[in-house]
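Please find below my notes on this entry, set out as numbered points for discussion. They are meant to be read with the sequence and the coordinates at hand.

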Amino acid sequence: MAARTTTKPARASYRCTECGYTPPKWTGRCTECNAWGTIEEVGAVPVRTTAAGPVTSAAIPIGQVDARVAASRPTNIGELDRVLGGGLVPGAVALLAGEPGVGKSTLLLDVAAKAASEQHRTLYITGEESASQVRLRADRIGALSPHLYLAAETDLGAVLGHIEQVQPSLLILDSVQTIASAQLESAPGGPAQIREVTAALIRVSKARAMSTLLVGHVTKDGSIAGPRLLEHLVDVVLHFEGDRHARLRIIRGVKNRYGATDEVGCFELHDSGISGVADPSGLFLTKRDKPVPGTCLTVTLEGRRPLVAEVQALMVDSQIPSPRRTTSGLESPRIAMVLAVVERHGGVRLGKLDIYTATVGGVKLTEPAADLAIALSVASSAADTPLPPNMVAIGEVGLAGEVRRVTGVERRLAEVARLGFTHALVPPDPGKVPRGMRVTEVASIGEALAAIPGRGGRPRSRPKADSDGGERAGRGRSGGGGSPLSSVPEDAMALLDGWDPVDPD
């Protein structure tokens, strides 16, 4: 059936000269780019309404759609495939964003070389560097392949021409902010240009079943630069994170239409390029001959992956009226809360001490599961007594001094058991305990201090064998009121020597 088009009376049209946005009426400020005085009348255009027309393909039942066409193809980089959900889907468009210097171009150049083959060509288009500069980096990281094609372009029409000529299965564009369309008068990197370039590449990718990886810039607050519509248009959004002074880099899935968004990929940046790290826990631990005061190990979950991290605390006498509270890799409000709980419910005087807390290896701990490890490292530093080197602490600490449950305790315990740790302090009801591991359930800060093994004296309670072979120590909480330390057994008082108990009243 042919389409019928009716024409209504013409009305004035307006357009923003900064971003190309076309509002329905004149306004003093553009609602898209927030620029003042950029809305201008561009003449009257007829308003058309289109009736029903011919369809490109008939609708069929969903069960008859061939899903094999959209089967994912691995990139041959395990950590990236983990985040993508198995690999790149033909026709999918993924956006990779990150801070300058984090390693986006290095990673994608490695992806381009490893994914290229005789049947699947790869086209790498750079808008920020020359082709010779990219070749130098490819020589350094060993990313050379006869089926990898390289071009330096900044015009959208030229990019589409390269796609028509090479017929690639994978397109990598570095970056989307540097490509501009000649049909728009705005500068490259503007909201209108980004929308136009992204929409054109999405149309080509869907039509050719070509996977596309776009590199995106970020603003100073860490969000993706450009209009928010960009994240809605693409199929996958990935964030590339990492401290530029540390070796670890992490890819987080923010949006993924073809897989889960709770996976992370770990990479290590070195002189010869970037490589995936299947077991990154060793980057966050310090190797030492004997234990030292003020250190405690915990397990954090990055997506669904458990990572063992080390928390350190150092206390010195303050020389100023207001003692310092300095943190690195930890959240300052969370540290302040844990210090208050340790002083109030653990009986540790901290008011006149400078306290420094940090993590090892540049990892950032933001989840509450690290609270118990922070509290124990503070207590160990205050008593100048080291904790056992084979012990980890997992749990959230509340303002009343209680230790709360956290998610994924079984996965965390399985990870530390695989690494050879033999003892763990966890909240009540941890679930399945790995074989050969002693798990002590603690319900408060006082019980956590009392449950530290290897301090001499009689044991707090006899461990009970778990159904799967592990050992779980009973809590054995002492009753009675009085001092916050009244529930601490005698065998743990050696750790508390020199501490002044706080009167609860």
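1. What kind of unit do S6, helix H3 and S7 make? Bearing in mind that this is a predicted model, S6, H3 (residues 131-141) and S7 form a β-α-β unit that is right-handed. Within that unit, S6 and S7 (residues 148-152) pair in the parallel sense through 5 bridges, and Thr122 has Leu148 as its bridge partner in S7.

2. Strand S6 also pairs with S8 (residues 170-174), again in parallel and over 5 bridges, with Tyr124 standing opposite Ile172 of S8. As 5 of the 5 residues of S6 (residues 122-126) are buried, the strand is largely enclosed by the rest of the structure. Both of its faces are covered, since Thr122, Tyr124 and Thr126 are buried on one side and Leu123 and Ile125 are buried on the other.

3. The count of aromatic pairs comes to 1. The rings concerned are those of Phe240 and Phe267, which meet edge-to-face, with 6.2 Å from centre to centre and 90 degrees between the planes. Because Phe240 belongs to strand S10 (residues 236-241) and Phe267 to strand S12 (residues 264-270), this pair ties together parts that are 27 residues apart in sequence. Phe240 has a relative accessibility of 2% and so counts as buried, and Phe267, at 1%, counts as buried as well.

4. The salt bridges number 20, and one of them joins Glu302 to Arg252, with the closest N and O atoms 2.7 Å apart. Glu302 lies in strand S14 (residues 295-302) and Arg252 in strand S11 (residues 248-256), so that this contact ties together parts that are 50 residues apart in sequence. Glu302 is buried at 6% relative accessibility, whereas Arg252 is partly exposed at 26%.

5. A further salt bridge links Glu129 and Arg137, whose closest N and O atoms are 3.0 Å apart; here Glu129 is partly exposed at 24% relative accessibility, while Arg137 is buried at 11%. In the salt bridge between Arg404 and Glu402, for which the N to O distance is 2.9 Å, Arg404 is partly exposed at 39% and Glu402 is partly exposed at 23%. A network of salt bridges links Glu79, Arg82, Glu263, Arg304 and Arg305.

6. On the surface, Ile60, Ile62 and Val65 make a nonpolar patch of about 330 Å². Val65 is located in the loop between strand S4 (48-50) and helix H1 (78-84).

Notes:
Residues are numbered from 1 along each chain as its sequence is written. This is a predicted model: local features need pLDDT of at least 70, side-chain atom pairs count only at pLDDT 80 or more; totals for chains, interfaces and linings use all residues. Side-chain values use heavy atoms; hydrogens and water are left out. Buried means under 20% relative accessible area, exposed over 50%, partly exposed in between (1.4 Å probe, protein chains only). Helices (H or I, at least four residues) and strands (E, at least two) are DSSP runs, numbered from the N terminus. Two strands pair if DSSP finds at least two bridges between them. A crossover is right-handed if, with the strands pointing away from the viewer, the path from the first strand over the helix to the second runs clockwise. Rings of Phe, Tyr and Trp (its six-membered ring) pair if their centres lie within 6.5 Å; planes under 30 degrees apart count as stacked, over 60 as edge-to-face and the rest as tilted. Patches are made of residues with over 30% relative accessible area and no salt bridge: like charges are joined within 9 Å, nonpolar side chains (Val, Leu, Ile, Met, Phe, Trp, Tyr) within 5 Å. Accessible areas come from the Shrake-Rupley method with a 1.4 Å probe; for residues, only the protein chains shown count as cover. A salt bridge is a side-chain nitrogen of Lys or Arg within 4 Å of a carboxyl oxygen of Asp or Glu.
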